[in-house]
Amino acid sequence: MNRYVTPYESPRAPHFGAGPPQSLPAEGTGNLWDILRRHVWLVIVCTILSVAAAVLYVKSARPTYRAAASLRIDDRQGRIPPLSTLGLGGTEVSTEIEMLRSRMLAEDVVDSLGLQLQITTPRRVSREQIFPVVRIARTAPAARYTLEPVGLDGFQLRDDSTGVLLDQVVTGSTATFGGVELQLSPEMLGLGSITFSVANFDDAVKQLQDALTIDRRSREANLVDVAYRGTDPELVRAVPDLLVSRFITDRQNAQQTETRSTAAFLREQTAILARQLQAAEDTLKRFREAQHIVSLPEQASSGVIHLADLRAQRNEFDAERRALAQLLHSAGDSGSSSTGRTAIAFPTLLRNQAGALLLSSLAELENRRSELLSRRSPQDEDVQVLTRRIEDLRAQLRGIASTYLQGLTNQIAAIDNTLVTSDAQLQTIPAKEIRVAELNRNVSGLEQIYTQLQTQLKEAEVAEAAQDPSVRLVDAALVPRVPVSPRPALSLALALVAGFIIGLSGAVVREYRDRAVYTRQDVLAATGIPVLGVIPHGVGMSRFRHQPILVYKAPRE
């Protein structure tokens, strides 16, 4: 018996025992090209709609630009070893990166560039082209404003939130309202209505920090890239440049303040030592002239030399002790506030590293308190905290001086005991030799200290005048010419691919949902029985004149 199947019958053909019934897949299950050919208009329509959506996005989206400045931050100690011990050396790169992200710098940039103001419409016009001068107070409220053309060169300024007409200005003049000061450019003419908004200062700072990207270029290189994204190319260039410039300036100012304080202290101590050295040299000169001393005889034995050294050392310690005691006494009479600084300025104590560090810290705290007093009252809490810290440092300095004074007393007592036992044996030692040795020792000691302070003073003056070599600008930001988003070519390419994929997916879905029989393979897949032949359109039965007839041989029932 022959049976026929038309294209409109169910894809599930009757089971004739040739095998288990199978689901009937559409033609082209293994031929994607045939599916695409049968549903080509669906793919074309999806692709066109996707490309149209991409074109609409590219045309309507506001371009975003990106600019970056490069900064070199060397992680090394200062070139002047004595100053490096005072904390004036290099820096950690990670710490400086966090300083670049600090809110203080962000607020400075927002203030300087007036980033609280943003142009809403027209969308593709630079703010500088409309407002060449923008000044906004930090207390300016958030609001939206509109400038509407009036006459040939005038504009009406309206507050959109309240609808109140604020002012009428002409191009070239300055408009002042709500903590905002704007200068209108003649280039505004012809742009139509201009809408802009003023954001809250804290919000503007937060937006700036979110748009900033500060990264170290690599772990091996001490290069830091400061990048900023925005819709105005001129502001996009200005923000990283200004941020880097203010960072370098602030860092150099901080370093110069420290070196200036150190240089002032060293200059003061050098002047004191110069006077003391001159007095010691004059004393030695007068003694030699009065005693007519040209060369002492070389008959002194080792014992004589030893006694002379002991006496000279004892006299030196005693003179130093008395001078230090008198210094502490006079400083105590004049007020305890200067006792620590005056005592540590004593020549011998200058060689004490702990005292020098405490004195440097004291000078720094006093400078900070003086700066704070210029803006606050002495009763201010921060001023009181600094005052207490200063008093603590002064007390520590006084303790160092007192301890050193007690040490001198103990040393003198030990030398006196030695001199008592040796004096009887060295009665013949000329007093002149002892006196000359003593005076020479005083001069030699003062010369060494004076030379050391002079060297440190020169190094401090060089550091004070020199620029900070560890931080410098490598590449300034450039005005971006091409936006980073949207990218027309990439958007259109992605839209074309997406549209084609969506259309092809829809074609495959429609193909699998279509359960009609079209080909020999459909019949064979559904029944497992081969097709005997195909009757073309218009041949045979009128009922099937519009489609071919598939004839196959069914097995006997």
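Me: Leaving aside its neighbours within four places in sequence, which residues is threonine 195 in contact with?

Reply: Bear in mind that this is a predicted model. Threonine 195 is in contact with Ile119, Thr120, Thr121, Arg144, Tyr145, Thr146 and Asp160, once neighbours within four places in sequence are set aside. As for its place, threonine 195 lies in strand β10, residues 194–198.

Me: And is threonine 195 buried or exposed?

Reply: Buried: its relative accessible area is 13%, and the cut-off for buried is under 20%.

Me: Let's try a loop. Where is glycine 172, and what does it touch?

Reply: Glycine 172 is in the loop between β7 (164–170) and β8 (174–177). Not counting residues up to four places away in sequence, glycine 172 touches Gln183 and Leu184. Glycine 172 and glutamine 183 are eleven residues apart in sequence, and their C-alpha atoms are 6.4 Å apart in space. With a relative accessible area of 44%, glycine 172 counts as partly exposed.

Me: Now helices. How do I read the packing of α5 and α7?

Reply: Two numbers describe a packed pair of helices: the angle between the axes and the distance between them. Here, helix α5 (residues 103–113) and helix α7 (residues 201–211) cross at roughly 110°, and their axes come within 9 Å. So α5 and α7 are roughly perpendicular to each other, and their crossing is right-handed. By class, the contact of α5 with α7 has seven nonpolar, one polar and four charged residues.

Me: Which residues of α5 and α7 meet?

Reply: From α5 you have Arg103, Ala106, Glu107, Val109, Val110 and Asp111; they meet Phe201, Asp202, Ala204, Val205, Leu208 and Gln209 in α7.

Me: What about α2 and α14?

Reply: Helix α2 (residues 40–60) and helix α14 (residues 488–513) pack at about 150°, with axes 7 Å apart. That makes α2 roughly antiparallel to α14. The residues of this contact divide into 17 nonpolar, six polar and one charged. The crossing of α2 and α14 is right-handed.

Me: Which residues of α14 are buried, and what do they pack against?

Reply: A general idea helps: an α-helix has 3.6 residues a turn, so residues three or four places apart point the same way. In α14 the buried residues are Ser491, Ala495, Gly499, Gly503, Leu504, Ala507 and Glu511. These buried residues pack against α1 (32–38) and α2.

Me: What span should α14 have, at 1.5 Å a residue?

Reply: Its 26 residues should span 38 Å, and the end C-alpha atoms of α14 are 37 Å apart, which agrees.

Key: Residues are numbered from 1 along each chain as its sequence is written. This is a predicted model: local features need pLDDT of at least 70, side-chain atom pairs count only at pLDDT 80 or more; totals for chains, interfaces and linings use all residues. Side-chain values use heavy atoms; hydrogens and water are left out. Axes are lines fitted to C-alpha atoms, for helices over the stretch in contact, and angles run from 0 to 180 degrees between N-to-C directions. Helices (H or I, at least four residues) and strands (E, at least two) are DSSP runs, numbered from the N terminus. Angles under 35 degrees count as roughly parallel, over 145 as roughly antiparallel, 65 to 115 as roughly perpendicular and the rest as oblique. A crossing is left-handed if the near helix is turned anticlockwise from the far one by less than a right angle, and right-handed if clockwise. Ala, Val, Leu, Ile, Met, Phe, Trp, Tyr, Cys and Pro count as nonpolar, Asp, Glu, Lys and Arg as charged, and the others, Gly among them, as polar. The expected span of a helix is 1.5 Å times one less than its number of residues. Buried means under 20% relative accessible area, exposed over 50%, partly exposed in between (1.4 Å probe, protein chains only). Contact means heavy atoms within 4.5 Å.
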